[in-house]
Number of protein chains: 2
Amino acid sequence: MSRGLKLYYDFMSQPSRALYIFLSINKVPFERCPVALSKLEHKTPDYKKKVNRYGKVPCIVQQEFRLAESVAIFRYLCREHRVSPFWYPEDTVRQARIDEYLSWQHLNIRADVSLYFFHVWLNPLLGKEVDADKTDRLLQRLEKGLNYFERALLRNGNQPFLTGDSISIADLSAACEIEQAKIAGYDPCSGRPHLNAWLNAVRDFTNPYYDEAHKYVYRLTPKHISTPAVLDED
Amino acid sequence: MSRGLKLYYDFMSQPSRALYIFLSINKVPFERCPVALSKLEHKTPDYKKKVNRYGKVPCIVQQEFRLAESVAIFRYLCREHRVSPFWYPEDTVRQARIDEYLSWQHLNIRADVSLYFFHVWLNPLLGKEVDADKTDRLLQRLEKGLNYFERALLRNGNQPFLTGDSISIADLSAACEIEQAKIAGYDPCSGRPHLNAWLNAVRDFTNPYYDEAHKYVYRLTPKHISTPAVLDED
């Protein structure tokens, strides 16, 4: 079923990176279809008509079938392609735990990171004012979310991955979300040793694709936050 | 697997209603465990420890297994119980379409309705100021979301349900979300004939449980919006 699978993505989009890494490491053949969010290519009538009616990335297209929303795409790919079973196990309890995280994250980790990133990093680029009080509120929210992630979800290091002993699509989604904070000058790993160890474990497991998908994140991250060197200079 | 299944819910919570209706109409035996959000029963240390670490409703508990997030609970129930297959079909494309809606709705229909409801209806009860400009912005957002629902998701009446010709968990989730706007004095059906027809279809299909779960919504809705009569006066 992988014939003609196209991924529309931008490496500045967290779920785009997660799907790109997932397809690559599972050796699912796909056509790379980059979409430049900075040029608003995702908002053109043609894109909305032919690719994603919601006007967002990521999206997959396979012949007449078009699917948006990374969580839905992950599940579809796990059903339709030969991917390693640990990504989304058959076991009903593990599957429920992964579904629980992927549902919870929308209004939590994803929102915590995205709201901070948009306000602190994107707004100045768009000529919009950065309100100091709002920055403080969003920073508090971000820190609360990441502290919860460290303490409750990673159980202070007593659980190597989000839903047990092996990596899953929940970890890959979460890692790509959390990396985004670095661009806005916030180091999610500072003071959070278990989050740091977990993020390194996700990266190690999925490299070289993880670093490939994060090359712009690494380049845009301010120097006071440590990131891997980016070797290719495309 | 239904032995000892408990549902923790409050009828003021949209996804609680959706799960209550779903379990009832599918004749899955479950123990009713009401949680009074108005008394902050979901925020007690005991509730967080024994039921839902996220401190929210709905949640299911079955012996040692506890699961939060209605989207994850729906999928778990569809795997583990004899529910009619149209709720979450085996067909991979239908399943993908349902997953796509249930992922998309978090930051769209669910957020559109909830933000308006919290600001306009809940804030005054909590003694908080209702900012007129913010009300306008949230109203515009709500109307934009519902117009999109009418036009694109229901295809202006050319599709009876969200993902095709038969009802699914996507419809039930969406209907329970959209009903919430009525409490805040906003009629989602006014000027939207296809949304109105669809909402009636979801209600007809799932009654008497739909009306049972919505009895507080109907009672709290201002009189200028038409709602079914509530017969039981518990």
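A salt bridge is taken here as a side-chain nitrogen of Lys or Arg lying within 4 Å of a carboxyl oxygen of Asp or Glu. In this predicted model, the side chains of Asp99(B) and Arg75(B) meet that criterion, with N and O atoms 2.7 Å apart. The pair links distant parts of chain B, since Asp99(B) belongs to helix H4 (residues 92–104) and Arg75(B) to helix H3 (residues 70–80), 24 residues apart. Both Asp99(B) and Arg75(B) are buried. Residues with these numbers in chain A also take part in such pairing, for Arg75(A) and Asp99(A) are linked with Arg79(B) in a network of salt bridges. Over all chains, the count comes to 18 salt bridges.

A further pair can be followed in each chain. In chain A, Arg110(A) forms a salt bridge with Glu177(A), the closest N and O atoms being 2.7 Å apart. This pair, too, links distant parts of the chain, with Arg110(A) in helix H5 (residues 109–125) and Glu177(A) in helix H7 (residues 169–183), 67 residues apart. The two partners can be placed by their accessibility: Arg110(A), with a relative accessible area of 22%, is partly exposed because the cut-off for buried is under 20%, whereas Glu177(A), at 3%, is buried. In chain B, the side chains of Glu177(B) and Arg110(B) meet in a salt bridge, again with 2.7 Å from N to O. Here Glu177(B) lies in helix H7 (residues 169–183) of chain B and Arg110(B) in helix H5 (residues 109–125) of that chain, with their positions 67 residues apart. Glu177(B) has a relative accessible area of 3% and is therefore buried.

Helix H6 of chain A, residues 132–153, offers a check on its own geometry. At 1.5 Å a residue, its 22 residues should span 32 Å, and because its end C-alpha atoms are 30 Å apart, the model agrees with that expectation. At the start of H6(A), a side-chain oxygen of Asp131(A) reaches to within 3.2 Å of the backbone nitrogen of Asp133(A). After the helix comes Arg155(A), whose phi is positive, near 50 degrees.

Which residues of H6(A) are buried? They are Thr135(A), Leu138(A), Leu142(A), Gly145(A), Leu146(A), Tyr148(A), Phe149(A), Glu150(A), Ala152(A) and Leu153(A). An α-helix has 3.6 residues a turn, so residues three or four places apart point the same way. What covers the buried residues of H6(A) includes helix H4 (92–104), H5, H7 and helix H8 (193–206) of chain A. Among these covering elements, H5 and H7 are the helices that hold Arg110(A) and Glu177(A), respectively.

Key:
Residues are numbered from 1 along each chain as its sequence is written. Chains are lettered from A and ligands numbered from 1 in the order in which they are written. This is a predicted model: local features need pLDDT of at least 70, side-chain atom pairs count only at pLDDT 80 or more; totals for chains, interfaces and linings use all residues. Side-chain values use heavy atoms; hydrogens and water are left out. Helices (H or I, at least four residues) and strands (E, at least two) are DSSP runs, numbered from the N terminus. Buried means under 20% relative accessible area, exposed over 50%, partly exposed in between (1.4 Å probe, protein chains only). The expected span of a helix is 1.5 Å times one less than its number of residues. Contact means heavy atoms within 4.5 Å. A polar contact is a pair of N or O atoms within 3.5 Å; within protein, one must be able to donate a hydrogen and the other to accept it, and residues adjacent in sequence count only if both atoms are side-chain atoms.
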